[in-house]
Amino acid sequence: MSLPVVIVGGLHADARRSTVARLLADVPGSVALHHDLATAAAGTVVRTIRDADGILSAGEAPLVNDCACCALREDLVPELLRLADDPTARLAVVELWDSVEPKAMAEVVVAGGLTVTGVITAVDPALLLPYLGNGDDLAERGLAAAATDQRTVADTFARQLEYAPVLAVVDSPEADDEDRELLAQLHPTARRVPVRGGHLADPAGASARAGAPEPHSPLTAAAFAGFDVEAAAAAQHPACALLPAEADAHGVATFVWHRRRPFHPERLYAALEDLTCAAARSRGRFWLADKPDVLLHWDAAGGALCVESAGPWLASLPDAAWEMLPPVRRAAAAMDWHPEHGDCCQHLVFTSPGLDRDGLHELLESCLLTDAEYAAGRDAWKRLPPAFDTLLEV
């Protein structure tokens, strides 16, 4: 039998450890594999394997190209394959180090021939807004996974949160309704599983170790539920991401803005700071008049914005090229197709406590082409000042 692998990650270290401890206690024959990247300055990554009773083994993996995360990638699959040869092992829990993102590790595990049965991000709701609002570089916090790591705390945490189909939510006395509502609006499709201390689930079924244990708890069930790496990657692509819908509750709001007219590059560029700081989290895809064939990705958290090209809009491609695209991409475009502009559009989503919907709406509308600019047509649009070339490194 292939050894099931569940990946547990998240920058909320205490929540992550509690989630892993819960799984080890609830699933007979489970072991946790953890690579500690904090020791990278000494030239190695420390690997530990433990079960519910404590550490079973410890070792070191040397850095690869002066990169702790690369060492993790090189060491992870061989260790999992070794665990898979142990007939007593029933579940491998990969506990990621703080800033390691689950997407990359899930893809590494699957490419290594193993089966990922779950991806879980552990969350303390009381820490949600402080982490989403933290624009510090990971390196400043001692959390960089490589010397070239330029990620921030906020954008890393946002990706950890939004990639996982399951959120393990620890019982935090400091969390209030606003915190819980923010979590619900940021990732409305996620399955939220409570993780509490106290009495352990009865590990009955020691006799059932010939197969996966019965799901004694929602967390255990989530660990064995199954996971599709390709579908998870598609769900993060700006062209077909399932973005949050409009919502407003407990002081938290999600504003969805959708238009069929391109942005004027200079006016949008001038508004970037106000738009980026208007919400704890904003993301989506947008259409720029001077680059009308390029689908652009908007990804903002912690007061910092990342803008990058996500390839062409499907409307700009010849019909024959469609067959080379993933079905999910074609389906997403077909559902949002416009008779004149195809899939070209603005679709941005802003989520935050205290969100100024009216102010956001007015600012975004002011950045669109005017009627006269729009009527001038694509050739004229392409001659507009290329304000985003520096951001896009064109």
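**Exercise 1. Getting to know Arg285**

Leaving aside its neighbours within four places in sequence, which residues is Arg285 in contact with? Work out its surroundings, keeping in mind that this is a predicted model.

*Solution.*
Step 1. Place the residue: Arg285 sits in strand β11, which covers residues 281-288.
Step 2. List the contacts, skipping neighbours within four places in sequence. You get Pro238, Ala239, Leu295, Leu296, Trp313, Asp336, Cys345, Gln346, His347 and Leu348.
Step 3. Pick out the polar one. The side chains of Arg285 and Asp336 make a polar contact at 3.4 Å.
Step 4. Is Arg285 buried or exposed? The cut-off for buried is under 20% relative accessible area. Arg285 has 7% relative accessibility, so it counts as buried.

**Exercise 2. The holes inside**

Find the cavities, and say which residues line the largest cavity.

*Solution.*
Step 1. Recall the idea behind the search: rolling a probe the size of a water molecule over the atoms shows where empty space is left.
Step 2. Count: searching the whole structure turns up three cavities of 30 Å³ or more.
Step 3. Take the largest cavity, with a volume of about 50 Å³.
Step 4. Read off its lining: Ala239, Arg285, Leu295, Trp313, Arg329, Ala332, Ala333, Asp336 and Asp343. Here Arg285 and Asp336 turn up again, the pair whose side chains make the polar contact.
Step 5. Which helix gives the most to this lining? That's α11 (residues 327-335), with three residues.

**Exercise 3. The largest pocket**

Describe the largest pocket: how many residues line it, and which lie nearest its centre?

*Solution.*
Step 1. Start with the volume: the largest pocket holds about 860 Å³ of space.
Step 2. Its lining has 41 residues, and those nearest the centre are Arg159, Glu162, Gln236, Arg281 and His297.
Step 3. Now look for elements giving two or more residues to the lining. They are α3 (102-111), α5 (153-163), α8 (229-236), β11, β12 (291-301) and β13 (304-312).
Step 4. Helix α5 supplies the largest share, five residues.

**Exercise 4. Following β11, β12 and β13**

Trace how these strands connect, then explain why β12 is largely enclosed.

*Solution.*
Step 1. β11 and β12 run antiparallel, joined by seven bridges. A hairpin of two residues links them, and Ser282 stands opposite Ala300 in β12.
Step 2. Carry on to β13. It pairs with β12 in the antiparallel sense, again over seven bridges, and Ala300 has Leu305 as its bridge partner in β13.
Step 3. Check the turn: the hairpin of β12 and β13 has two residues between the strands, and Gly302 there takes a positive phi near 65°.
Step 4. Answer the why. Nine of the eleven residues of β12 are buried, so the rest of the structure largely encloses this strand.

**Exercise 5. The eight-stranded sheet**

In what order do the eight strands of the open sheet lie?

*Solution.*
Step 1. The order is β4-β3-β2-β5-β1-β6-β7-β8, with mixed pairing.
Step 2. Find the edges: β4 (54-62) and β8 (191-195) each pair on one side only. On average, neighbouring strands are turned by 25° against each other, direction ignored.
Step 3. Try an antiparallel pair. Strand β3 (residues 44-51) meets β4 over eight bridges, with Val45 bridged to Ala61; the two form a hairpin with two residues between them.
Step 4. Now a parallel pair: β6 (residues 115-123) and β7 (residues 166-170) share four bridges, and Ala122 has Ala168 as its partner.

**Exercise 6. Three helix residues**

Are Thr19, Glu79 and Leu182 buried or exposed? Add what each one touches, not counting residues up to four places away in sequence.

*Solution.*
Step 1. Thr19, in helix α1 (residues 13-26), has a relative accessible area of 0% and is buried. It touches Val8, Ile120, Ala122, Ala168, Val195 and Leu219. Among these are Ala122 and Ala168, the bridge partners from Exercise 5.
Step 2. Glu79, in helix α2 (residues 68-84), is buried at 11%. It touches Leu33, Arg47 and Ile49.
Step 3. Leu182, in helix α6 (residues 177-186), is buried at 2%. Its contacts are Leu128, Leu129, Val252, Thr351 and Pro353.

Definitions and conventions. Residues are numbered from 1 along each chain as its sequence is written. This is a predicted model: local features need pLDDT of at least 70, side-chain atom pairs count only at pLDDT 80 or more; totals for chains, interfaces and linings use all residues. Side-chain values use heavy atoms; hydrogens and water are left out. Buried means under 20% relative accessible area, exposed over 50%, partly exposed in between (1.4 Å probe, protein chains only). A polar contact is a pair of N or O atoms within 3.5 Å; within protein, one must be able to donate a hydrogen and the other to accept it, and residues adjacent in sequence count only if both atoms are side-chain atoms. Contact means heavy atoms within 4.5 Å. Two strands pair if DSSP finds at least two bridges between them. Axes are lines fitted to C-alpha atoms, for helices over the stretch in contact, and angles run from 0 to 180 degrees between N-to-C directions. On a 1 Å grid over the protein atoms alone, a cavity is a set of points where a 1.4 Å probe fits but cannot get out, and a pocket is an open set with protein on both sides within 12 Å along at least five of seven lines; lining residues have an atom within 4 Å of a point. Grid points are joined across faces, edges and corners, and a volume is the space filled by probe spheres set on the points.
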